[in-house]
Amino acid sequence: LSQNPSLKLSIEGTDIAQVDHAELLGFTIDKQLTYALHADKTKLKMAGILATIRKHKNYFTQNALKTVVQSLVLSHLDYCSGLLSSTPQTQLDKLQVIQNRAARVVTNASFHARLKDLHTQLNWQTVKERLYTSTVCAFHKIVHEEQPHCIFRELQKIESTHAHQTRQAQKGAFHQAKPKTKAKTRTFLYRNIKSYNSLPVHVTSSNTRTFRECIKNRIKMRENIGTLDSWW
């Protein structure tokens, strides 16, 4: 709420306190719905765990160290990735800094080593790529499993909105309403419908595992770079 109005809400006579943020199932939701506060908390968690691992890294082989970092540090990026991916670019940059630090810890590389080479060596996606892949795969699962129903029922095929045999209608693309606000373009449905409609039919019709591999390969080949950059 941009002007911080005072809201007086009550349910069955019980007053509801107005707060700047609230935590639900470990995810922090702020009143502006930017999720920047949760991104900050995620960054601190990742940095703290990585610092502990770094102190004891000499007790691990590189493969074991990579597994530990992926399991205890980078896994935080996957929790509620659909919401985390809509946080501002500045927050994503902070998370990327932590991942870059993790790459140096695992490879024992110097500060001057090229980060792109380290990510390639470890077969890691960047934070943006990881969030994009995770979120689009979640959308793919919604489309094919029709669950959760509260999200699936919001989807509408283009062919059901008009009788014109356009290319998008023939490939089974989803209808996307024109956004009236900038905030709308940051929502889970808007961004994923846009991404999903840009994919070829042989990708969208594949099973979950194959779909994930296709998305990763398209990112590696820079085939999705336009869609990826338009997300933020």
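This report walks through a predicted model of one protein chain, from its overall makeup to its cores, helix packing and salt bridges.

## The chain at a glance

Let's start with the big picture. The protein chain has twelve helices and four strands. Its C-alpha trace spans about 65 × 55 × 30 Å along the principal axes. Of the 232 residues in the chain, 34% are buried.

How does the chain make contact with itself? Take the contacts between residues at least 6 apart in sequence: 60% of them join residues at least 24 apart.

## Two nonpolar cores

In soluble globular proteins, nonpolar side chains tend to be buried together. Here, the largest nonpolar core holds 22 residues. M46, L50, V69, V73, L95 and W124 have the most contacts inside it. Five helices give two or more residues each to this core: α1 (36–55), α2 (62–72), α4 (89–107), α5 (115–122) and α6 (127–145). The largest share, seven residues, comes from α4.

If you'd like one residue to look at in this core, try M46. Setting aside neighbours within four places in sequence, M46 is in contact with V73, L74, H76, L77, L95 and I98. Apart from this core lies another, made of 15 residues, and F139, F174, L199 and F211 are among them.

## How the helices pack

Two packed helices are described by the angle between their axes and the distance between the axes. For α1 and α2, the axes come within 10 Å and cross at roughly 160 degrees. An angle over 145 degrees counts as roughly antiparallel, so α1 and α2 are roughly antiparallel to each other. The crossing of α1 past α2 is right-handed. On the α1 side, the contact is made by I49, L50 and I53, while α2 brings L65, V68, V69 and L72. L50 and V69 may ring a bell, since both are listed with the most contacts inside the largest nonpolar core.

Now for a pair with another arrangement. The axes of α4 and α6 are 9 Å apart, and the two helices pack at an angle of about 110 degrees. Angles of 65 to 115 degrees count as roughly perpendicular, so that is how α4 and α6 sit relative to each other. Where they meet, α4 offers Q89, L92, L95, Q96 and Q99, and α6 offers V127, K128 and L131.

## Charged pairs

Side chains of opposite charge can pair when their charged atoms come close. In this model, the count comes to five salt bridges. One of them joins K41 and E23, whose closest N and O atoms are 3.5 Å apart. This pair links distant parts of the chain: K41 sits in helix α1 and E23 in strand β3 (residues 21–24), 18 residues apart. Are these two buried or exposed? K41 counts as partly exposed, at 32% relative accessibility, whereas E23 counts as exposed, at 55%.

Another salt bridge brings together the side chains of R130 and D78, at 2.8 Å from N to O. Distant parts of the chain are linked here too, as R130 belongs to helix α6 and D78 to the loop between α2 and α3 (81–84), 52 residues apart. D78 is partly exposed, with a relative accessible area of 35%. R114 and D117 also meet in a salt bridge, with an N to O distance of 3.0 Å. R114 counts as exposed at 52% relative accessibility, and D117 as partly exposed at 40%.

## Two more residues to find

F152 lies in helix α7 (residues 149–152). With a relative accessible area of 21%, F152 is partly exposed, because buried means under 20%. Not counting residues up to four places away in sequence, F152 touches I142, V143 and E146. F152 and L131 are 21 residues apart in sequence, and their C-alpha atoms are 21 Å apart in space.

For L33, look in the loop between β4 (27–30) and α1. L33 is partly exposed, with a relative accessible area of 45%. Along the chain, 144 residues separate L33 from A177, and their C-alpha atoms are 21 Å apart.

Key. Residues numbered from 1 in each chain as written. Predicted model: local features only at pLDDT ≥ 70, side-chain atom pairs only at ≥ 80, totals over all residues. Heavy atoms only, no water. Core = buried A, V, L, I, M, F, W, Y, C linked by side-chain atoms within 4.5 Å. Buried < 20%, exposed > 50% of the residue type's maximum accessible area, 1.4 Å probe, protein only. Contact = heavy atoms within 4.5 Å. Salt bridge = Lys/Arg side-chain N within 4 Å of Asp/Glu carboxyl O. Axes fitted to C-alpha atoms, helices over the stretch in contact; angles between N-to-C directions. Parallel < 35°, antiparallel > 145°, perpendicular 65-115°, else oblique. Left-handed = near helix turned anticlockwise from the far one by under 90°.
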